[in-house]
Amino acid sequence: MLDVQGVRSSTLLAPTKKELIGRHSLPIVFVRQGIMVQIQGQDVEVQAGQTCADVLRAVLSGKKMKSVVACECDGALIDLARPAPAGTCVMEPVFLDSPQGLKVLRHSAAHVMAEAVKELFPSAKVTIGPDIESGFYYD
């Protein structure tokens, strides 16, 4: 649900590998072989092609996993649909009820709203849609 600017009109769609490499601000190195990462104090093996959501499912129950909106990999916020970056040592879930999770939700909601406006009014020009302390807006 994180913003990958200009990649897709909806952040609910996972960007392709080509889009990530071309647009994402983090260095993109995909896992080619199994690596070990620590999630909430537990060591978990990450295989090539696994998304952040796949890796978190190894540690979190189904109910807890439903409240995860993003993943923090070595301090960087990552979309759940993105492949786990190679070289990650610590991966932590970002829960919806946390301040960071609420920020992610508000940011994504702004994009969904902008997409709806563009569908209803194709000539509309949207510019920015930041989250703010009391919610979000889109110009």
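The following paragraphs lead through a predicted model of one protein chain, from its overall fold to individual residues.

The secondary structure of this protein chain amounts to four helices and seven strands. Followed along the sequence, these elements occur in the pattern α-β-β-α-α-β-β-β-α-β-β. The protein chain has 139 residues, of which 37% count as buried. Among its contacts with a separation of 6 or more, 49% join residues that are 24 or more positions apart. The surface that the protein chain exposes comes to about 8300 Å², and carbon and sulfur atoms supply 56% of this area.

Helix 4 is a suitable element with which to continue. It covers residues 99-120, 22 residues in total, and reaches 32 Å from its first C-alpha to its last, close to the 32 Å expected at 1.5 Å a residue. Several of its residues are buried, namely Gly 101, Val 104, Arg 106, His 107, Ser 108, Ala 110, His 111 and Ala 114. The cover over these buried residues includes strand 3 (68-73), strand 4 (76-78), strand 5 (91-95), strand 6 (131-132) and strand 7 (135-136).

Helix 4 also contributes to the surface. Met 113, Val 117, Leu 120, Phe 121, Val 126 and Phe 136 form a nonpolar patch there, with about 520 Å² of accessible area together. Three residues of the patch come from helix 4, which is the largest share. Val 126, by contrast, is found in the loop between helix 4 and strand 6, and its relative accessibility of 34% makes it partly exposed.

Two loops contain residues with a notable backbone angle. Most residues other than glycine have a negative phi. Gln 40, however, has a positive phi of about 45° although it is not a glycine. Gln 40 lies in the loop between strand 1 (35-39) and strand 2 (42-46) and is partly exposed, with a relative accessible area of 37%. Asp 74 is a further residue other than glycine with a positive phi, in this case near 50°. Asp 74 is placed in the loop between strand 3 and strand 4, and at 44% relative accessibility it counts as partly exposed.

Asp 74 is also one of the residues touched by Thr 88; the others, leaving aside residues up to four places away in sequence, are Ile 35, Met 36, Val 37 and Cys 73. Thr 88 belongs to the loop between strand 4 and strand 5, yet it counts as buried, at 5% relative accessibility. Thr 88 and Glu 72 are 16 residues apart in sequence, and their C-alpha atoms are 9.9 Å apart in space.

Cys 73 leads to the matter of covalent links. A disulfide is a covalent bond between the sulfur atoms of two cysteines. Why does Cys 73 not form such a bond with Cys 71? The two sulfur atoms are 3.7 Å apart, which is too far for a bond, and Cys 71 holds the closest cysteine sulfur to that of Cys 73. Cys 73 is itself buried, with a relative accessible area of 5%. Across the whole structure, a search finds zero disulfides.

A search for salt bridges, in turn, finds one in the whole structure. It joins Asp 54 and Arg 57, whose closest N and O atoms are 3.1 Å apart. Both residues lie in helix 2 (residues 52-57), and because they are three residues apart, about one helical turn separates them. An α-helix has 3.6 residues a turn, so residues three or four places apart point the same way. Asp 54 is partly exposed, with a relative accessible area of 30%.

Methods. Residues numbered from 1 in each chain as written. Predicted model: local features only at pLDDT ≥ 70, side-chain atom pairs only at ≥ 80, totals over all residues. Heavy atoms only, no water. Expected span 1.5 Å × (residues − 1). Buried < 20%, exposed > 50% of the residue type's maximum accessible area, 1.4 Å probe, protein only. Contact = heavy atoms within 4.5 Å. Disulfide = S-S within 2.5 Å. Patch = residues over 30% accessible without salt bridge, like charges linked within 9 Å, V, L, I, M, F, W, Y side chains within 5 Å. Areas by Shrake-Rupley, 256 points an atom, 1.4 Å probe, with all protein chains shown as cover. Salt bridge = Lys/Arg side-chain N within 4 Å of Asp/Glu carboxyl O.
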